[in-house]
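The following exercises concern a predicted model. Each consists of a task and a solution that proceeds step by step.

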Amino acid sequence: MTHSLPRLTTGIPGLDPILGGGLVEGASYIVQGQPGAGKTILSNQVAFANVSTGRKVLYVTLLAETHERLFQALGTLSFFDRTKLGSGITYVSVFQILRDQGLSAVVSLIRKEISRQGASLLVFDGLLNARDRADTDLDAKTFVAEIQSQAAFVGCTVLFLASTRAADDSPEHTMVDGVIELHDELSGVRSVRRLQVKKSRGAPALGGFHQFEIGSDGVSVFPRLEAALGRPSTENKPSSSPVPSGVQGLDAVIGGGLTTSSVTLVFGPSGCGKTSLGLSFLNCSTAQEPGLHFGFYETPARLLLKARDIGLELDPLLASGALEMIWTPMTENLLDKLGHNLIDAVKARGVKRLVIDGLGGFERAAVHPPRLVEFFASLSNELRALDVTTIATWELRDLFGPTVSAPGSEVSSLLDNLVMLRQVEVNSRYKKTLSVLKMRDSAFEPVIHEVSIGNNGLRVEVPLQPVTGAATGVAKPLESTASDSVKA
Amino acid sequence: MALIVIAEDEFLIADVLAMMLEDAGYEVASAPHGLGALQLAKEKRPSLVITDFMMPLMTGLELAQAMRADMSLKDIPIILMSGAQGDIGRANPGMFDAVLDKPYQEERLIKAIAALLPQ
């Protein structure tokens, strides 16, 4: 039988799961990164999270900014608690001792301090300075080994902070139990912070890069969704009863309603009714089946206006808590932050009706677009497992045209249902139409229908008059078909 | 020339402080922690001790307690210089003759020293 090691929480949102449950108690880690990557904030955040639970922390620095300056900077972050300085957490500098007496004196001092303070976490900031003082690689390794064994002896966890150098093949890496690397890199014109656990002894860590940000609460890490949710967090129990779509006339076309916990992609060019369809769906939200609008385009205020314009009163649903609207401007977003925010919002209220308006907001946030397939796979699997019935929109670039491309063919195949909305020109009149292209596990009418928007949201009307080419938005009367196809 | 012992683990602060005091006409001896400063005080019988609070091996408060408990050192004036623990110092009457908050302000420190040393 396998057993898991006792853990020390990092207190950093998202980091414990990446480390397989937190830092291993009594283990030692190197936290490395370029200056400005966030090492100091991360380690102080871990320190104060543990101080807040009554643990003692020893923070040892070598040649660095003065502690007072450090406190001034940390003072802008919510986790920093000045009243714990000197009681819960002690900052000491050992530079003079290193300079005058060497590495072994530092080891001896740290050993005494750990027991004097009763520290369960030691942060050692300045591993490279210590290495500079070492005469050989073996001395540097010995220094690390001695500190970690002294600490491990009393169950104290150690974070060694180190600035990375080019072509760094640090001998210390072989000694420690884990290596956490912080990156701040340019991607195009923007910069993206990413964290990687390069080594994790005795615990399966989530590999690869994980995006993080530094805000007034310190570091928040967003575990790569497809790694964190490689398998959904709970088991999906599919139910056979369909969910009313809220769109008049649509349920009759799709066999009674949307399959429970299915994901439907509604795609079409701008102005063809995607948002209206989503609002109609959310109009059926109740306290038992709460709804969520997770959008990138319109603000909640604009959505409410739009809903009112088409005869839907969503204000009472918002007021009662049956409906929530989360708007994320389509600016510099982090893909995994979006994914986690969405899932957290769904879990927080037990959301059953979800509209994502639209998937393009995720696509634009992707720094590495090829992973979108895995990202959407894990997101949609999790939503199904949470028993959420989802409508996601996707905007087609061309208002009219012969090519009708679904968003990345692999992405489309991950979704259960495909519904296309288009404006079709027939005899110099534009008609809004709806076509059901795919309904997983359910029969549907393969007929293009006209839709109208008014009074009570979106309404599916009569089948479109017989024409060809409606799917491209440019319809032709039936009689001209034969000669056209010969030309083609 | 009056001798001042400095207890300060942060080398940059200790260096700047020593220069400042030497410029003001004092002789200076520094230690990187409270324990070292206690040794120095015993050896050199300084006219005054300036100490930080958070230091390895012995804090500024522990240094003051040790000096006050030692008949030969108990009358040496002690100034606590601290950013965050000034309140701990003020809450321990009889330990410190003055408590100054970091960051250091040269003028205030020199005034405080002058006030504590016999003219």
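**Exercise 1.** Locate Leu57(B) and determine whether it is buried or exposed.

*Solution.* The position comes first: Leu57(B) belongs to the loop that joins strand 3 to helix 3 of chain B. Its backbone is then examined: phi is positive, at about 65°, although the residue is not a glycine. For burial, the criterion is 20 or more other C-beta atoms within 10 Å. Leu57(B) has 20 C-beta neighbours inside 10 Å and therefore counts as buried.

**Exercise 2.** Describe the surroundings of the residue that UniProt lists as a modified residue in chain B.

*Solution.* The record is consulted first: an unreviewed UniProt entry lists Asp52(B) under "modified residue: 4-aspartylphosphate". In the model, Asp52(B) is found in the loop between strand 3 and helix 3 of chain B. The neighbour count follows: because 30 C-beta neighbours lie inside 10 Å, Asp52(B) counts as buried. Leaving aside residues up to four places away in sequence, the contacts of Asp52(B) are Ala7(B), Glu8(B), Asp9(B), Gly60(B), Met81(B) and Ser82(B).

**Exercise 3.** Identify the buried residues of helix 3 of chain B, and explain why they lie on the same side of the helix.

*Solution.* Helix 3 of chain B spans residues 60-68, and its buried residues are Gly60(B), Leu61(B), Leu63(B), Ala64(B) and Met67(B). They cover an arc of only 160° around the axis, so they fall on the same side of the helix. The final step is to name their packing partners in chain B: strand 1 (3-7), helix 2 (34-44), strand 3 (48-51), strand 4 (78-82) and helix 4 (86-90).

**Exercise 4.** Characterise the side of chain A that touches chain B.

*Solution.* The contact comprises 18 residues of chain A and 17 residues of chain B. On the chain A side, the elements giving two or more residues are helix 3 (67-74), strand 5 (89-93), helix 4 (95-101) and helix 5 (103-117). Strand 5 of chain A provides the largest share, four residues. Sorted by class, this side of chain A holds eight nonpolar, six polar and four charged residues.

**Exercise 5.** Examine the backbone of chain A at Gly358(A) and at Asn427(A).

*Solution.* The peptide bond from Asp357(A) to Gly358(A) is cis, with omega near -5°. Gly358(A) is in the loop between strand 15 (353-357) and helix 14 (360-365) of chain A. Asn427(A), a residue other than glycine, has a positive phi near 50°. Its loop connects strand 17 (417-426) and strand 18 (429-439) of chain A. Because it has 9 C-beta neighbours inside 10 Å, Asn427(A) counts as exposed.

Notes. Residues are numbered from 1 along each chain as its sequence is written. Chains are lettered from A and ligands numbered from 1 in the order in which they are written. This is a predicted model: local features need pLDDT of at least 70, side-chain atom pairs count only at pLDDT 80 or more; totals for chains, interfaces and linings use all residues. A residue is buried if 20 or more other C-beta atoms lie within 10 Å of its own, exposed if 12 or fewer, and partly exposed in between; C-beta atoms are placed from the backbone. The arc is that of the directions from the helix axis to the C-beta atoms. Two residues are in contact if their C-beta atoms, placed from the backbone, lie within 7 Å. UniProt positions are given in the numbering used here, feature names are shortened, and annotations may be inferred rather than shown by experiment. Ala, Val, Leu, Ile, Met, Phe, Trp, Tyr, Cys and Pro count as nonpolar, Asp, Glu, Lys and Arg as charged, and the others, Gly among them, as polar.
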